[in-house]
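Trainee: I've got a new model open and I'd like to learn how to read it. Could you walk me through it?

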Amino acid sequence: MVSGAIDDRFLALPRHELADAALARASQLGAEHADFRLERLRDQTTRLHDARLESSSDGETSGFAVRVVVDGSWGFAAGVELTADEAARVAAQAVEMARTSQAINSEPVELADEPTYHDATWVSAYEVNPFDVPQADVQERLREWSARLLAAAGISHVDAELLAEQENKFYADLAGTVTTQQRVRIAPELTAVWVDPESGSFDTMRTLAPPAGRGYEYVQGTGWDWDRELEELPALLLEKSRAPTVEPGTYDLVVHPSNLWLTIHESIGHATELDRALGYEANYAGTSFATFDKLGSLRYGSPAMHVTGDRVAEHGLASTGYDDEGVATQQWDLVRDGILVGYQLDRRIARLKGLGRSNGCAFADAPYHFPIQRMANVSLQPAPDGPSTQELIGAVGRGIYVLGDKSWSIDMQRYNFQFTGQRFYRIEGGRLAGMLRDVAYQATTTEFWGSMEAVGGPRTHLLGGTFTCGKGQPGQGAPVSHGCPAALFRGVRILNPVQEAGR
Amino acid sequence: MTPQDVVERALALSRSDGCIVLAEESSTANLRWANNTLTTNGVTRTRDLTVIAVADGAEGRSAGVVTRSGVTLDDVEAMVRAAEAKARSLPPAEDAAPLLAAGRPGQGWDAPPDETSVEVFSSLAPALGELFQAAVASGRTLYGYAEHDVTTTYLATSTGVRLRHDQPTGRIELTGRSTDGSRSAWAGRSTRGFDDVDVLELDAAVTQRLDWARRRTDLPAGRYETILPPSAVGDLMTYLYWSAVALDAHEGRTVFSRRGGGTRIGDRLTDLEVTLRSDPGLQGLECSPFLATDASSRYASVFDNGMAVGPTDWIHDGRLAALVQTRHSARVTGLEPTPFVDNLQLAGPQGGSDGTGGTGGMIAATRRGLLLTCLWYIREVDPQTLLLTGLTRDGVFLVEDGEVTGAVNNFRFNESPVDLLGRLAEVGPAEPTLPREFGDYFTRVAMPPVRVADFNMSSVSQAS
């Protein structure tokens, strides 16, 4: 995979000069740790409605932050004016914040050791930077895709959206690590809408193509077959609109990775964040049932369950070379043979719990935000000689095959969840037997993963994900991917949302 | 270099058929705590400039939008040219409209931006320190967050509009947990300036709930008589408001769509005379009296920048009265252009007071029912009914014979806020509240506590 060089416009910013000024001032004022982060984030959003332009925006955020530890307390400050004087002033402000905090801080901040990396660079894997593509080309591509769907019988409306981001980060700390990085990501999405004005019924179906750590080549067909998906979508939506409503009850499920990635995200990804398990998110995102005392003993799921964390997978949205604390990224186990064996870490909590090196999960979504522990690519591993999706379906007498994510919700300790999807098929006697509508599945995390009888083989694998995982106060978004195979679950509770609404 | 200088420079450089410039100057301060100690903190300052160039072509009018942070006077020309080039390269905008003419000059255009600093926490920070010590001594663990943001917006157009708005936004949240983690409680509120925030008062509310939870009963899923406090009502009504978009309703794709076409405006949603309204002048919930947006969407149009935002009843005495409109969607739907307003109030009959004295009065009048603290992880399940799912969080209590007798387990609910409006058994007086979930984005909310006879608790959550 070809990767471009780091953007000249970012390299032209006075990054070393600002870092030197900030780190020198922080050191002079007594900081035992100081790091400087300069970022430039570009974003482009294009939205079409019924093949006509609804919105096109182009944003760029630049700025820097200085984070310090002074006598065991954090201090953080951020600025936008890219001068050495301002960098030094912000550094002093961060030290002042740390000194102010000391009075109400009873847990000294210490950071896990990490080797230093001198002037390291890293660029994500992509071919065509979306910001180099003329707007007219982007418009025409989305217009033509929308027109294809609109031309199909029964399609009332089409929404099309393309998000593209370029993230440049420069990091330097007092220990001597200096890194410069660039990541590019893209998220195309189309939604077809069916409306029956007479009955007042309506339904939608969205493309299953996941957001990806790729460039504009993704839109041109590298990594996803758009022609095929757009060809199939209208008929699938119409079939769903005519499908019978599901009878609530207990069913076996075969879950496609386009749906399962989100269940992994919510019930494993967030639950194995050590900051949550230790209570740091108790007021906001919540805590975790997978508490630290259960490390190495909690039965998370069936023996077929092998879940890894990584920030290195090619095209993974959480992948990067070095995290926002200068830690080199890696891959490790979170759940092995169904047992909880690891957590996602940053340098402070790795040290706090005596876990050695951080596994590199610190991330800030903007120059003006404090880096916190954010999700790695948390992925369910396929079985090396595992079955195909057809074989998984073949093992089900009465069940439902689920594709595509839609609605999602889980409680503050990651026990109880409810998900819907884009498409559902009835399985009867090991075969698909037409679509169903109004399906939601509801379960408790360990019961659900405990009911996983089989995972599919590598050929069923897909890397799903999102641009906008939320966490922290102030709220921060983060991009993350989740790879998984198709998988078979026995005896899952199915609800019917229409009946839930009392209709 | 002032923000006004940058804005005027951009307009002076404009060569397109129209130009809108939006400058936002923000300062923030925040404190976060967990496990009875301060965890992270920050003071930040951001400066964003948006240039919207309008180009009239043979096929129609298009808008090129470019937003940059930290722009200096030297950067302005490149930005204006980028916006103009973008406008020329784009097809006509669906929401195209003439720029608004200058109205009455806005107040304080020439004044520097308003700002906040860490000083806003000068009494909160020491109080927190004392609270942490007291909490350790009494077996409670405290978690929470305080944030203050002041944003000054300057809006100027080539048609002479010059408007300025200062928006202070603040909130504080406090979660308390028993040391063994078996009991959890929450309290939160929004504020404009923290001078009205008493963290001891929040702690007292949290402590009372932790004490209530010393006795614990397990209840199964089912439909329960339930008192929803203002925060929970706030989250449900905020979601309803965000879903009340005219264009979507007109296209037949929301709960507010009329069978056969058009919107349900005029339909009775509930027999109760409840009114859901927004008004930039609501006391304590003041928000911008004009529209300022850096992107077109179904909620807002860049062409409408500067449009007056006024008092709007979305639901009036139980009938759907208005939906969020742009001038474009108002033309399409043939309805009044009622733009989004950044606050929300739900009032029951007689302006919201029925003499029950709020949540406390409702508890006293309950023979057997549930009392919630707040809701969490609210997501749409079925847009046809606006069915939402979500969970109760940080305290569900059993009320028996007018008193709270203990805590029960948490639940997952499946309910539609539109449907709930038709099933309200009692509506208390509206009070300012912080919606637990959507308070990240939407803090200017006043809601009553309400009683629902048969709230749908779909399953039990083991979270505590």
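Mentor: Sure, and let's start with a bit of vocabulary. A crossing of two helices is called left-handed if the near helix is turned anticlockwise from the far one by less than a right angle, and right-handed if clockwise. Keep in mind as we go that this is a predicted model.

Trainee: Okay, so which hand does the crossing of α4(A) and α5(A) have?

Mentor: The crossing of α4(A) and α5(A) is right-handed.

Trainee: And what else do I need to describe a helix pair?

Mentor: In general, two packed helices are described by the angle between their axes and the distance between the axes. Here, the axes of α4 (residues 135–151) of chain A and α5(A) cross at roughly 30° and come within 9 Å. Angles under 35 degrees count as roughly parallel, so α4(A) is roughly parallel to α5(A).

Trainee: Which residues in α4(A) and α5(A) meet?

Mentor: From α4(A) you have A:W145, A:R148 and A:L149, and they meet A:L230, A:L233 and A:P234 of α5(A). Sorted by class, that contact has 5 nonpolar residues, 1 charged and no polar ones.

Trainee: Let's do sheets. How do I read those?

Mentor: The general idea is that strands of a sheet pair through backbone hydrogen bonds, either parallel or antiparallel. In chain A, take the open sheet of 4 strands in the order β11-β10-β9-β14, where the pairing is antiparallel. β11 (339–340) and β14 (377–380) of chain A are its edge strands, each pairing on one side only. Helix α6 (residues 257–269) of chain A packs on this sheet, where it touches β9 (307–310), β10 and β14 of chain A. The direction of α6(A) makes about 110° with that of β14(A).

Trainee: How many bridges join β10 of chain A to β11(A)?

Mentor: There are 2 bridges, with the strands running antiparallel. To find your place, look for A:V335, whose bridge partner in β11(A) is A:L340.

Trainee: Can I practise on chain B?

Mentor: Go for it. Strand β10 (residues 312–316) of chain B pairs with β9 (residues 275–278) of chain B in the antiparallel sense, over 3 bridges. There, B:R277 stands opposite B:D313. β10(B) also pairs antiparallel with β11 (residues 319–320) of chain B, over 2 bridges, and B:I315 is opposite B:L320 in that pair.

Trainee: How many residues lie between β10(B) and β11(B) in the hairpin?

Mentor: Just 2 residues, and B:D317 in the turn has a positive phi of about 45°.

Trainee: What about domains in chain A?

Mentor: The domain assignment splits chain A into domain 1 (8–242) and domain 2 (249–500). Their centres, taken over C-alpha atoms, are 22 Å apart. Domain 1 of chain A puts 43 residues into the contact and domain 2 of chain A puts in 38. On the domain 1 side, elements giving two or more residues include β1 (33–49), β2 (52–70) and α5 (226–242) of chain A. That side has 22 nonpolar, 7 polar and 14 charged residues.

Trainee: Last one: how do the two chains meet?

Mentor: In the interface, 76 residues of chain B are in contact with 72 residues of chain A. Strand β2 (residues 37–56) of chain B gives the largest share of the chain B side, 11 residues. By class, the chain B side divides into 21 nonpolar, 35 polar and 20 charged residues. There's strand pairing across the chains too: β2(A) and β3 (residues 61–69) of chain B run parallel, joined by 4 bridges. Look for A:G59, which stands opposite B:T67.

How values were computed
Residues numbered from 1 in each chain as written. Chains lettered and ligands numbered in written order. Predicted model: local features only at pLDDT ≥ 70, side-chain atom pairs only at ≥ 80, totals over all residues. Pairing = 2+ DSSP bridges. Contact = placed C-beta atoms within 7 Å. Axes fitted to C-alpha atoms, helices over the stretch in contact; angles between N-to-C directions. Domains from an automatic or database assignment. Nonpolar A, V, L, I, M, F, W, Y, C, P; charged D, E, K, R; others polar. Parallel < 35°, antiparallel > 145°, perpendicular 65-115°, else oblique.
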